[in-house]
Amino acid sequence: MKNTIRLLAVMLYCLNLTGQTSEETLSLFDTLNEKIETLSSQLKKRNEKFSKNHQLRNGISMIGGYSENGYGIMANLHYYPNKNINRHFEIGGYAGFMEERKTGYNIPVELYSLNIGYFIGIPFLSSKNDAFRFSIGAGGTIGNESIDVSEIQLDALESISTEDGAVYGFYGAVESDIKIFTYLSGVVRYTHFHHPKSDIGKTKFLIGLGLNFKF
């Protein structure tokens, strides 16, 4: 825009010096007006492209890492209702393969759960160019946990009263999204689960790394 204003000033100054006829002056103004409209159109397209490139994208993330006395994997769908606001819904699944060691028998435990939550971005911990985003969120979880006592050797008077079955509760998470390419980013995440009715353990967690594939 600054260059356009300068061009206008120079042309008007030249007109005053050279004494152009009215027809020539009108012709010059028409030409100038066309150039301004062309420049304005180019700027508009550039702004639209810039805005589109900086919009938040939905994504599917895959995460694997350490879970309590074992390991776990997680897959999530991230949905942004407004692509210009760093807030999104999450729906995903978690599979944990752990050991219950409080009894001293190292009992294998498997947990499968469905999780639905809502996340918000933290602006002062995120970069303005979307190279790095930090979010926190929470939601509900429901699933099934099971134990395998087939290989546990018990003494004659010992027994395991822990029962497997359905579990439910809530979870909270903190997540860092680090941009690699336009449609791919790395993820660092900590998720904490709380199952108040679980016989095996009321709290579980997953800390891991993964990738977020955006679309």
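In strand 6, the residue that serves as bridge partner of Ile136 is Val174, and this pair belongs to a longer run of contacts, since strand 5 and strand 6 pair in the antiparallel sense over 14 bridges. The model described here is a predicted one, and the two strands just named are part of a closed barrel of eight strands, which runs 1-2-3-4-5-6-7-8 with antiparallel pairing. From one strand of this barrel to the next, the twist averages 25 degrees. As a general point, strands of a sheet pair through backbone hydrogen bonds, in either a parallel or an antiparallel manner.

Elsewhere in the barrel, strand 2, which covers residues 70-79, runs antiparallel to strand 3, which covers residues 87-100, and nine bridges join the two. Here Leu77 stands opposite Ile91 of strand 3.

On its other side, strand 6 meets strand 7: a hairpin joins strand 6 to strand 7 through two residues, and eleven bridges hold the antiparallel pair together. Within that pairing, Glu175 has Arg189 of strand 7 as its bridge partner. The side chains of Glu175 and Arg189 also meet, in a salt bridge with an N to O distance of 2.9 Å. The pair links distant parts of the chain, with Glu175 in strand 6 (residues 165-181) and Arg189 in strand 7 (residues 184-194), 14 residues apart. Both Glu175 and Arg189 are buried.

How many salt bridges does the structure hold? There are four, and the general background is that side chains of opposite charge can pair when their charged atoms come close. Another one of them is formed by Asp177 and Lys214, whose side chains meet at 3.3 Å, N to O. Because Asp177 lies in strand 6 and Lys214 in strand 8, this pair ties together parts that are 37 residues apart in sequence. Asp177 is buried, with a relative accessible area of 4%, and Lys214 is buried as well, with a relative accessible area of 12%. Salt bridges that share partners, in turn, join Glu90, Glu175 and Arg189 into one network.

A further salt bridge is the one that Glu145 forms with Lys204, where the closest N and O atoms are 3.3 Å apart. Glu145 lies in strand 5 (residues 132-147) and Lys204 in strand 8 (residues 203-214), so this pair ties together parts that are 59 residues apart in sequence. Glu145 and Lys204 are both buried.

The last topic is empty space inside the model. Rolling a probe the size of a water molecule over the atoms shows where such space is left. A search of the whole structure finds three cavities of 30 Å³ or more, and the second largest cavity has a volume of about 80 Å³. Which residues line the second largest cavity? They are Arg57, His78, Tyr80, His88, Arg133, Ser135, Glu175, Ser176, Asp177 and Asn212. The elements that give two or more residues to this lining are strand 5 and strand 6, and strand 6 gives the most, with three residues. Sorted by class, the lining of the second largest cavity has one nonpolar, five polar and four charged residues. Glu175 and Asp177 are among the lining residues, and each also takes part in a salt bridge, Glu175 with Arg189 and Asp177 with Lys214.

Conventions. Residues are numbered from 1 along each chain as its sequence is written. This is a predicted model: local features need pLDDT of at least 70, side-chain atom pairs count only at pLDDT 80 or more; totals for chains, interfaces and linings use all residues. Side-chain values use heavy atoms; hydrogens and water are left out. Two strands pair if DSSP finds at least two bridges between them. Helices (H or I, at least four residues) and strands (E, at least two) are DSSP runs, numbered from the N terminus. Axes are lines fitted to C-alpha atoms, for helices over the stretch in contact, and angles run from 0 to 180 degrees between N-to-C directions. Buried means under 20% relative accessible area, exposed over 50%, partly exposed in between (1.4 Å probe, protein chains only). On a 1 Å grid over the protein atoms alone, a cavity is a set of points where a 1.4 Å probe fits but cannot get out, and a pocket is an open set with protein on both sides within 12 Å along at least five of seven lines; lining residues have an atom within 4 Å of a point. Grid points are joined across faces, edges and corners, and a volume is the space filled by probe spheres set on the points. Ala, Val, Leu, Ile, Met, Phe, Trp, Tyr, Cys and Pro count as nonpolar, Asp, Glu, Lys and Arg as charged, and the others, Gly among them, as polar.
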